[in-house]
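Thanks for coming. I have one model to go through this morning, and I will start from a single residue and work outwards.

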Amino acid sequence: MYLEGRRAAIAATLAIAGAGLWAQNVLGGRISNEDWLRAIYLLVSGGVIAFVFHRLRQDLRKAVEVAESRLAAVEATEGRFRWAFERAAMGFANANENGELLQSNRRLCELTGYTEAELAQLRLVSLVHPDDRDSMLILIEGQGKATTPSGAEVRLLRKDGTTFWARVVLSSSRPDGVLSGGMFVVVDDISERRTAREAIRAQKERLSLALSAGRLGTWQIDLTDGTVTGSDKFWDTLGLPPAASRPLQDLAAVVHPADWPKLAATTEPASTTNHDIEIRVRRADGNIRWIALRGREERHDDHLLRIGVAADLTERRQTTLLRAAVKKRERVMLEQRHRFSNLFPVITALVKMVDFPENNVAKYKEDLIDRIRALEATHTLLSRRTSASVLLDDLVVRELQLYMGTRDIVVDGPDIILSSGAAESFAMVVHELTTNSVKHGALGEPGGRLAVNWSFAPEGEGNDVVFHWVESGRRKKAKMIGRGFGSMIIGIDGAPLIGHSSKLEILDHGLRYSLRLSRHEIES
């Protein structure tokens, strides 16, 4: 009854004590004090025993409840582990120390094409491609002594003979203090990652080859902290030793001062993502190199970056300058040929216009040589210019240069450009006027005054340029100018050598000559 419960034990104790007193009274005839004392002892000891058994029963019940809850937790954890083991995205397996597969999950069966029962009859090494088995054997042998997981990338064989790349990780399942045990096998299919990695590696190799062939260097400027990093080729292009990074300000020592603001501006965020500048750098040997920096702006984490490539444009620029010089030389040669082609018609016109004054050959030669020399002076002026034209002002000033300091000469007019052909013809007109003035007019007298001016014709009179030659002072010759070669050039008896509407007036104290030049004559 003590095992049934506290109340049953107490009741049983009372029953025993009562039965003993009743038996003593029946058999002995009476109940002594000693019998009462024994009954009391029996009741006290029975109560204590009942209480102790009750406490033991309570403690045992609590221990059983704790054990049952822990067992349920273990069963739940094992269920979750088994569920994760079976449905994991990677292949899992348990193997013994010899590499024999004991239990495999569903994913490993899908990867290899075997069933779990078929895998249980195989060793892990048998699933590895023959070329990679040595590395797997070393991995398995080392796992017996290793305390941390280890892995390798190998090719695994499927049941149908095809292969795939996988990362196999082995970890010991041996409890602490146990000498022998098994290991966990984790198989992750990395075929796509491997293909992508190989593609990236091949792309990097092609990019490196392209950069090397194009002699390009890569650079990166951190706009946040103002540092610049680059490849070895980039630093070599700038003439600096390779470095992991440099403050952008350090490049001011090699960048041309005129180009430094363009490079310094790269530390400021731009309105456009593309970046393209050209700078000059001074190498240690003193050579100046042209460098193109092309790139774009990107944000990485909390840093604003500008990345790109650097190209040495020095040879290209030198080639461009050389080509420009060759083209310029070709243009000069064409212009010289053009000037000579214009010169011959003028000389021919001069020869045709000259008459024999009284059959005086010497006079004819003298006049012809004098005009040819004037033509030569004009041609020399044109030859000194790089363009195929000359200013009208330059022609007049050159012709009057010898008399500028000793005579009162005023030359005034807007800048008007004459083509080479028009300049040579107009120079002959100015030369005739100058020669006549020296012989008979203002330039031959110390007190003479000469005013030469030109202007555009008033509106409504066309686009002509009106040229005026005005002399003031006593003339050595009266009212007339000879009807010779010079008069034909300036157009006294007919059309002038260039221009139209020529007019000559000889006054008592001077001379006035005017000529109109059309825009077509000036520009052709």
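Take serine 514 and leave aside its neighbours within four places in sequence: what is left in contact with it is Phe467, His468, Ser501, Ser502 and Lys503. Before going on, note that this is a predicted model. Serine 514 sits in strand S18, residues 510–517. Is it buried or exposed? With a relative accessible area of 16%, serine 514 is buried, because the cut-off for that label is under 20%.

One of those contacts deserves a separate look. Serine 501 belongs to strand S17, which covers residues 500–507. Its relative accessibility is 47%, so serine 501 counts as partly exposed. The backbone is the odd part: phi of serine 501 is near 55°, a positive value, and the residue is not a glycine. Most residues other than glycine have a negative phi. If you are checking backbone torsions in this model, that is one to have on the list.

Another contact of serine 514, Phe467, takes us to the nonpolar cores. The largest nonpolar core has 32 residues, and the members that touch the most others are Val396, Leu418, Phe426, Phe467 and Trp469. Which elements build it? At least two residues each come from helix H11 (392–400), helix H12 (420–440), strand S15 (449–456), strand S16 (465–472), helix H13 (485–490) and S18. H12 gives the largest share of this core, 8 residues. There is also a second, separate core, with 25 residues, and Ala95, Leu108, Phe164 and Leu170 are among them.

Now the sheets. An open sheet of 5 strands runs in the order S2-S1-S5-S4-S3, with antiparallel pairing. Its edges are strand S2 (101–104) and strand S3 (150–157), each of which pairs on one side only. On average, neighbouring strands in this sheet are turned by 30° against each other, if direction is ignored. Inside the sheet, strand S4 (residues 163–172) and strand S5 (residues 183–189) are antiparallel and share 7 bridges. Within that pair, alanine 166 is opposite aspartate 189 of S5. A helix is packed here as well: helix H2, residues 33–87, lies across strand S1 (91–95) and S2, at about 95° to S2.

The other open sheet I want to show has 6 strands, in the order S8-S7-S6-S11-S10-S9, and its pairing is antiparallel too. Why do S8 and S9 have one side without a neighbour? Strand S8 (246–247) and strand S9 (274–282) are at the edges and have a single partner strand each, so one side of each is left open in the sheet.

Start at the S8 end. Strand S7, residues 227–230, is joined to S8 by 2 bridges, and the two run antiparallel. Threonine 227 has proline 247 of S8 as its bridge partner, and valine 228 is opposite arginine 246 in S8. On its other pairing, S7 meets strand S6, residues 216–222, over 4 bridges in the antiparallel sense. There, aspartate 222 faces threonine 227 in S7. S6 and S7 make a hairpin with 4 residues between the strands, and glycine 226 in this hairpin has a positive phi near 70°.

At the opposite edge, S9 is joined to strand S10 (residues 288–300) by 9 antiparallel bridges. Asparagine 274 has arginine 296 in S10 as its bridge partner. These two strands also form a hairpin, with 5 residues between them, and the turn contains glycine 286 with a positive phi of about 95°. The two faces of S9 are worth reading out. What is on the covered face? His275, Ile277, Ile279 and Val281. The uncovered face has Asn274, Asp276, Glu278, Arg280 and Arg282.

Last, the totals for the chain. The secondary structure comes to 14 helices and 18 strands. The chain has 524 residues, of which 34% are buried. Counting contacts between residues at least 6 apart in sequence, 52% join residues at least 24 apart. The chain exposes about 31500 Å², with 55% of that supplied by carbon and sulfur atoms.

That is what I had; I will take questions now.

Conventions: Residues numbered from 1 in each chain as written. Predicted model: local features only at pLDDT ≥ 70, side-chain atom pairs only at ≥ 80, totals over all residues. Heavy atoms only, no water. Pairing = 2+ DSSP bridges. Buried < 20%, exposed > 50% of the residue type's maximum accessible area, 1.4 Å probe, protein only. Contact = heavy atoms within 4.5 Å. Areas by Shrake-Rupley, 256 points an atom, 1.4 Å probe, with all protein chains shown as cover. Core = buried A, V, L, I, M, F, W, Y, C linked by side-chain atoms within 4.5 Å. Axes fitted to C-alpha atoms, helices over the stretch in contact; angles between N-to-C directions.
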